[in-house]
Amino acid sequence: MIFCFPRTLSNSLETALTLVSLYHWPCIRVSPTKVPSVSRKWGLALAALACVIRPTSAIIWVYIGLLELFGTHDRLRLIFLEVAPIGAVVLGLTCLLDRLVYGLWVLVPLNFLKFNFLSSGGDYYGTHKWHWYFTQGFPVMLFSFLPFSVAGIVWSKQWKLSGLIAWVLGIYSLLGHKEFRFVLPVLPIALMFSGYALAKTKTPDSQDTEKKGSLNTHSRHPFKRLSILFLLATNIPMALYMSLVHQRGTEDVMIYLSEEARNDKVKSILFLMPCHATPYYSTLHRNIPMRFLDCSPSEEKGIPDESDRFMMDPISFVSEFTKSWSIPSHIVLFGSEERLLRDFLASHSFKEIRRFFHSHFKVDREVQASVVVYVWTGH
């Protein structure tokens, strides 16, 4: 949560909208009849907005919609007077906005679904086994909260919410390309179950202690205290390390280049590293030509993109690439590739000016320990 939510990921906004929307759906409440009728309309509007931002959010709302449909007595009103008009308004506004931006009529959610579901375009960026979310992905996200979440699901017997978690993990498991952030919207739900388990945790003798009217509250729930200390001791160091230390080099290098650009020392930048490895213009904030290796999916399967060709054979790729390049003032690359290209860069009048720490661990079979900046010294 600490790693994802400060970042401008559409999944983070989707998660926030999902949680707020779930609050308004009567089928999720313990007493659905006590929920005001207008509450469901708010839930629908927020759900529609979440689907506009991330069309795959529909996976969540199909489940919730079916629960509501089978649990309500006014099904026709739900479909024709709530779902249809609210969905039409949100979709219409989305199409108008896309028309304004793209200059033509385009249904972006449909293109999104075609690429990710119908054509399996996401598989281009890597695939995992079907069981990855259940055996690795989601357990890693829950980390030390996992046993408490399982206990909370069993003790609370809130099968609708736990069923939503299973539904989302199951549907996303059908896709080849998997990422942690795809199932981020159900992580807070699992954490709520953890909170429930902690709240219900008592020692075997706690009830006897309470019956005796003991005022010694320190001895009532030692297991609960130890559990909370355990969660803090495991999650706080991990959160700090993953957010402040691990793979920080690509951010540090852009901050450095931004400062150099402010002093008119940067004319253009070439990134010889996997595509989208840095924050790019969102950190540089200068109108300076920059180029990173392309990783757009090819219409013909099996043809590697620039990023893949570079990682497979950096020397051959750069030798061919430099035949038609416009010499940049700065080149940025990872230390693992810099070792292979050091002589090549020197022969083209580039020299190292800065090196930033990046990671202690292997990424894609290489320890990308550092990010290196080279500057052109020719005339």
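A nonpolar patch, in the sense used here, joins nonpolar side chains (Val, Leu, Ile, Met, Phe, Trp, Tyr) within 5 Å, taken from residues with over 30% relative accessible area and no salt bridge. In this predicted model, one such surface patch of about 670 Å² is made by Leu-226, Ile-228, Leu-229, Leu-232, Ile-236, Leu-240 and Leu-244. The points below take up that patch, the annotated transmembrane spans, and three buried residues, namely Glu-14, Tyr-172 and Thr-250.

**Nonpolar surface patch**

- Leu-232, one of the residues that make the patch, has its place in helix 11, which runs over residues 222-244.
- The relative accessible area of Leu-232 is 42%, and this residue is therefore partly exposed, a value that also meets the requirement of over 30% for patch residues.

**Annotated transmembrane spans**

- According to an unreviewed UniProt entry, the annotation "transmembrane region" covers residues 42-64, 76-94, 100-118, 130-153, 159-175, 182-199 and 226-245.
- Among these spans, residues 76-94 are 100% helix and 0% strand, with the C-alpha atoms at the two ends 26 Å apart.
- Residues 159-175, another of the annotated spans, are 88% helix and 0% strand, and their end C-alpha atoms lie 25 Å apart.

**Tyr-172 in helix 8**

- Tyr-172 lies in helix 8, which comprises residues 159-173, and it counts as buried because its relative accessibility is 4%.
- Once neighbours within four places in sequence are left aside, Tyr-172 is in contact with Thr-56, Ile-59, Tyr-133, Lys-178, Phe-182 and Val-183.
- Of these partners, Ile-59 is 113 residues away from Tyr-172 along the chain, while the C-alpha atoms of the two residues are separated by 8.6 Å.

**Glu-14 in helix 1**

- Glu-14 belongs to helix 1, spanning residues 10-24, and with a relative accessibility of 1% this residue counts as buried.
- Apart from neighbours within four places in sequence, the residues in contact with Glu-14 are Arg-54, Ser-57 and Pro-185.

**Thr-250 in helix 12**

- Thr-250 is placed in helix 12, formed by residues 249-262, and its relative accessibility of 7% is under the 20% limit, so that Thr-250 counts as buried.
- Beyond its neighbours within four places in sequence, Thr-250 is in contact with Ala-277, Thr-278, Pro-279, Phe-334, His-358 and Val-371.
- With Ala-277, one of these contacting residues, there is also an approach of the Thr-250 side chain to the backbone oxygen, which is reached at 3.4 Å.

Conventions: Residues are numbered from 1 along each chain as its sequence is written. This is a predicted model: local features need pLDDT of at least 70, side-chain atom pairs count only at pLDDT 80 or more; totals for chains, interfaces and linings use all residues. Side-chain values use heavy atoms; hydrogens and water are left out. Helices (H or I, at least four residues) and strands (E, at least two) are DSSP runs, numbered from the N terminus. Buried means under 20% relative accessible area, exposed over 50%, partly exposed in between (1.4 Å probe, protein chains only). A polar contact is a pair of N or O atoms within 3.5 Å; within protein, one must be able to donate a hydrogen and the other to accept it, and residues adjacent in sequence count only if both atoms are side-chain atoms. Contact means heavy atoms within 4.5 Å. UniProt positions are given in the numbering used here, feature names are shortened, and annotations may be inferred rather than shown by experiment. Patches are made of residues with over 30% relative accessible area and no salt bridge: like charges are joined within 9 Å, nonpolar side chains (Val, Leu, Ile, Met, Phe, Trp, Tyr) within 5 Å. Accessible areas come from the Shrake-Rupley method with a 1.4 Å probe; for residues, only the protein chains shown count as cover. A salt bridge is a side-chain nitrogen of Lys or Arg within 4 Å of a carboxyl oxygen of Asp or Glu.
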